[in-house]
Amino acid sequence: MALSFFDTMAGHVRPFEPISTEATLYSCGPTVYHHAHLGNLRTYVFVDTIKRVTEATGLPVRHVMNITDVGHLVSDGDEGEDKMEVGAAREGLDAWSIAKRYEQGFVAQCEALHIAAPSILCRATDHIGQQIAMIEALEEKGYTYTIADGVYFDTTRIDEYGTLGGVKREGQKEGARVEAGEKRAPTDFALWKFSAEGVQRQMEWDAPWGRGFPGWHIECSAMARHYLGDTIDIHTGGIDHIPIHHANEIAQSECTTGKTFVNYWMHGAFMEASEGVKMAKSSGEFLTVWDLLERDVDPLAFRLLCFRTHYRKNMKFSWKLLDDSVTALRRLRLRVTALEAEADDGTAPEALAAAQAEALAILSDDLALPKALVFLQSQLKSKVLTAADKLAFVDYVDGVLQLNLRSSPAEEAAARARANSARWAAAAEAGGHELGDVVRASL
């Protein structure tokens, strides 16, 4: 089955042609200074769908996701405090404890939403050596300069900087100020930040340029290259990453290797909360999976709500829309339960194969989930498929949807949950660290 995805760089949907027989996928993971909110999690549901649809076509996926536990400043313009230090101060804990707490919380929410574990879940703090080596390579090639507060990438050295996000340097004021220094150009970005004089940070390392910590952008480039090679098939993130974070990743990666960094850039659109629903980490007011559980809402109803809007369109969120999704999920499950009760052993193999092929074709066309949901409903009403066929079709489609449409004993559900938890733990181990025990009292 031919896959096609919308490539942000190309500006249109194009056939997916992987580099090898295993697709490589890199996802910008969470900055673990606070819980991921439902808007963030919409992006990870989107990434999960990319992986499940790709694998449904028979192509395995090597998926790497990072955990940003250092270097992400409050401002994307390399100003302000490190978000991890802010989180530590807010809760009276050290930055390492904050990182572990919210990494575990992120994984717990992903598990509740049936988001599959990546192949590798890697922390920025476990890959400082790779980041320093990449900065050294850039320095050797003349792409860096050092000022009072750190080592910066000189974006004026490359004409194509900002192509992904349409960043234009013309008209921007030169010599934009940064704390304790001067950048040569407003688009220049930090590769390594020096620890402030007389201040001991909780997370800092020795480097050839001085004691400090990496910039946010270098982390993803270094870890993607370390685990997936110089060129990868797909890189994902939210649309807010396009103009700065991903533009900077492209610049530093391609200047290091001289090769194309990513062949397909895929971005999820925003989730727009209705009036009275907050979704801002800066204010501390936002909704998580735990808020859904407090309202006795199945988290998979939120997953279904995500599917009702294409990933490239802004998704509306309100309690009314979520309630509608709860109702829709319940009705779907009741319809499937009724099929399970029917005494029908007949099958129509050709009709079933045709329905499955059509479903995969829909999903393979840039993840057309809204259309796939409509097609699912139509097949449940089919006069051609038998009850047994319809159940087989539900099983096939739910391999991607992951909505628990088939009823199963509690023991089976618990076993699946344990297996998913084990896969997340294994992904962390593959990334060089232990995930640790996640407290799931309400999950």
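These legends go with a set of close-up views of a predicted model.

**Figure 1. The whole chain, for orientation.** Before zooming in, here is the overall picture: the protein chain carries 13 helices and 15 strands. Its radius of gyration is 23 Å, close to the 22 Å that the globule rule gives for 443 residues, so the chain is as compact as a globular protein of that length. The C-alpha trace spans about 75 × 45 × 40 Å along its principal axes. Of the 443 residues, 54% are buried. Among contacts with a separation of 6 or more, 77% join residues that lie 24 or more positions apart.

**Figure 2. The largest cavity and its lining.** The structure holds 4 cavities of 30 Å³ or more, and this view settles on the largest cavity, with a volume of about 100 Å³. Its lining is made up of R42, V45, F46, T49, C306, F307, T309, H310, Y311, L367 and L369. Two helices, α1 (38–56) and α8 (299–307), each supply at least two of the lining residues. Helix α1 gives the largest share, 4 residues. Sorted by class, the lining has 7 nonpolar, 3 polar and 1 charged residues. If you are new to this kind of picture, rolling a probe the size of a water molecule over the atoms shows where empty space is left.

**Figure 3. L367, a lining residue with a positive phi.** Stay with the largest cavity for a moment and pick out L367, one of its lining residues. L367 sits in the loop between α10 (349–364) and α11 (369–380). Its phi is near 55 degrees, a positive value in a residue other than glycine. Is L367 buried or exposed? With a relative accessible area of 3%, L367 is buried, because the cut-off for that class is under 20%.

**Figure 4. D296, a positive phi in an exposed loop residue.** Here the view moves to the loop between α7 (289–294) and α8, where D296 has its place. D296 has a phi near 60 degrees, again in a residue other than glycine. The relative accessibility of D296 is 73%, so D296 counts as exposed; the cut-off for that class is over 50%.

**Figure 5. Helix α2 from end to end.** Let us walk along α2, which covers residues 83–91. At the start of the helix, a side-chain oxygen of D82 comes to within 2.9 Å of the backbone nitrogen of M84. Which residues of α2 are buried? They are K83, M84, E85, G87 and A88. Helix α3 (95–112) is included in what covers these buried residues. As background for reading the view, an α-helix has 3.6 residues a turn, so residues three or four places apart point the same way. Just after α2 comes G92, with a positive phi of about 70 degrees.

**Figure 6. H241 and its surroundings.** The final view centres on H241, found in the loop between β12 (232–238) and α6 (242–257). H241 counts as buried because its relative accessibility is 14%. Which residues does H241 touch, not counting residues up to four places away in sequence? The list is C28, W216, H246 and A247. Look for D76 as well: H241 and D76 are 165 residues apart in sequence, yet their C-alpha atoms are 9.8 Å apart in space.

How values were computed. Residues are numbered from 1 along each chain as its sequence is written. This is a predicted model: local features need pLDDT of at least 70, side-chain atom pairs count only at pLDDT 80 or more; totals for chains, interfaces and linings use all residues. Side-chain values use heavy atoms; hydrogens and water are left out. On a 1 Å grid over the protein atoms alone, a cavity is a set of points where a 1.4 Å probe fits but cannot get out, and a pocket is an open set with protein on both sides within 12 Å along at least five of seven lines; lining residues have an atom within 4 Å of a point. Grid points are joined across faces, edges and corners, and a volume is the space filled by probe spheres set on the points. Ala, Val, Leu, Ile, Met, Phe, Trp, Tyr, Cys and Pro count as nonpolar, Asp, Glu, Lys and Arg as charged, and the others, Gly among them, as polar. Buried means under 20% relative accessible area, exposed over 50%, partly exposed in between (1.4 Å probe, protein chains only). Contact means heavy atoms within 4.5 Å. A polar contact is a pair of N or O atoms within 3.5 Å; within protein, one must be able to donate a hydrogen and the other to accept it, and residues adjacent in sequence count only if both atoms are side-chain atoms. The radius of gyration is taken over C-alpha atoms; the globule rule is 2.2 Å times the number of residues to the power 0.38.
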